[in-house]
Amino acid sequence: MTTNTHKDIKRVLYTEEEIKKTVKNIAQGINADYKETKELVVVGILKGSFIFMSDLVRELSVPTTVEFMAVGSYGSSTQSSGTVKIIMDLRTSIEGKDVLIVEDIIDSGLTLKHLVELLQTRKPRSINIAVLLRKKEALKVTVENVKYVGIDIPLVFVVGYGLDYAEHYRELPYLGELKED
């Protein structure tokens with residue numbers, strides 16, 4: 001159990017140890033599914049996925065390259081605005097390649113749906129998505145490409161392990177529910 005809980009955290013939802021086990025399980029599925037790939041382009045969605053992606057890539061045994069994109073839909077709010085803005089795009093072509101989008105959380109699904117539609121225009125061989133957290137009850141759209149899901153979580157605002165509120169709390173080694181103001 002995590003002993004140093006931040007004063008702004010209502011409760012710890014998942015400990016550092018539970019997260020590590022979840023990441024290993026996701027990686028096992030990816031390794032099995034992509035064992036024949038020539039190159040898996042792992043696309044981390046900044047900023048929230050950077051810790052999850054780092055841990056996930058270290059567990060992969062398939063040929064992997066790493067890319068990043070930055071998209072915005074939250075700002076300083078605790079709810080997705082539904083408006084997606086590309087802040088930083090890929091630096092290399094994904095045409096003909098297997099692509100794995102790595103995202104920290106799927107909430108409404110709007111951001112990922114938009115992102116998949118955009119990336120499909122670039123003619124990859126395949127696109128799938130790995131998410132650490134999913135809020136099933138919050139989904140507004142179906143995103144067919146979500147193949148790897150770590151944990152289904154309740155409708156609470158979660159921070160830690162790379163996830164933030166107004167750029168704070170990313171450094172927490174656990175996932176916790178943020179206290180309401």
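**How the terms earn their names**

Colleague: What makes β1, β9 and β8 one sheet, and in what order do the strands lie?

Modeller: They form an open sheet of 3 strands in the order β1-β9-β8, with antiparallel pairing. The edge strands are β1 (9–14) and β8 (158–159), since each of them pairs on one side only. By the way, this is a predicted model: local features need pLDDT of at least 70, side-chain atom pairs count only at pLDDT 80 or more, and totals for chains, interfaces and linings use all residues. Residues are numbered from 1 along each chain as its sequence is written, and side-chain values use heavy atoms, with hydrogens and water left out.

Colleague: How do you know that β8 pairs with β9?

Modeller: DSSP has to find at least two bridges between two strands before they count as paired. There are 2 bridges between β8 and β9 (residues 175–178), so the pair meets that rule, and the two strands run antiparallel. Look for V158: its bridge partner in β9 is E177.

Colleague: What counts as a helix or a strand here, and how many of each does the protein have?

Modeller: Both are DSSP runs numbered from the N terminus: helices are H or I with at least four residues, strands are E with at least two. That gives 3 helices and 9 strands, in the pattern β-α-β-α-β-β-β-α-β-β-β-β along the sequence.

Colleague: Why is I94 called buried?

Modeller: Buried means under 20% relative accessible area, exposed over 50%, and partly exposed in between (1.4 Å probe, protein chains only). I94 has 2% relative accessibility, so it counts as buried. You'll find I94 in the loop between β4 (85–88) and β5 (98–106).

Colleague: Which residues does I94 touch?

Modeller: Contact means heavy atoms within 4.5 Å. Leaving out residues up to four places away in sequence, I94 touches V41, V99, L119, R122, K123 and P124.

Colleague: What makes you say strand β6 is largely enclosed by the rest of the structure?

Modeller: In β6 (residues 126–134), 9 of the 9 residues are buried, so that strand is largely enclosed. β6 also has partners: it pairs with β5 in the parallel sense over 8 bridges, with I101 bridged to I129. On to β7 (residues 146–152): 5 bridges join this strand to β6, again running parallel, and the bridge partner of A130 in β7 is Y148.

Colleague: Why is the unit of β5, helix α3 and β6 called right-handed?

Modeller: Point the strands away from you: if the path from the first strand over the helix to the second runs clockwise, the crossover is right-handed. β5, α3 (residues 110–120) and β6 make a right-handed β-α-β unit.

Colleague: How do you know which side of helix α2 the buried residues are on?

Modeller: The buried residues of α2 (residues 50–59) are F52, M53 and L56. They cover an arc of only 95° around the axis, which puts them on the same side of α2; the arc is that of the directions from the helix axis to the C-beta atoms. These residues pack against α1 (16–33), β2 (40–46), β3 (64–72), β5 and β6.

Colleague: How does the radius of gyration of the protein sit with that of a compact globule?

Modeller: The radius is taken over C-alpha atoms, and the globule rule is 2.2 Å times the number of residues to the power 0.38. For 181 residues a compact globule would come out near 16 Å; the protein has 16 Å, so the two agree. Of the 181 residues, 48% count as buried.
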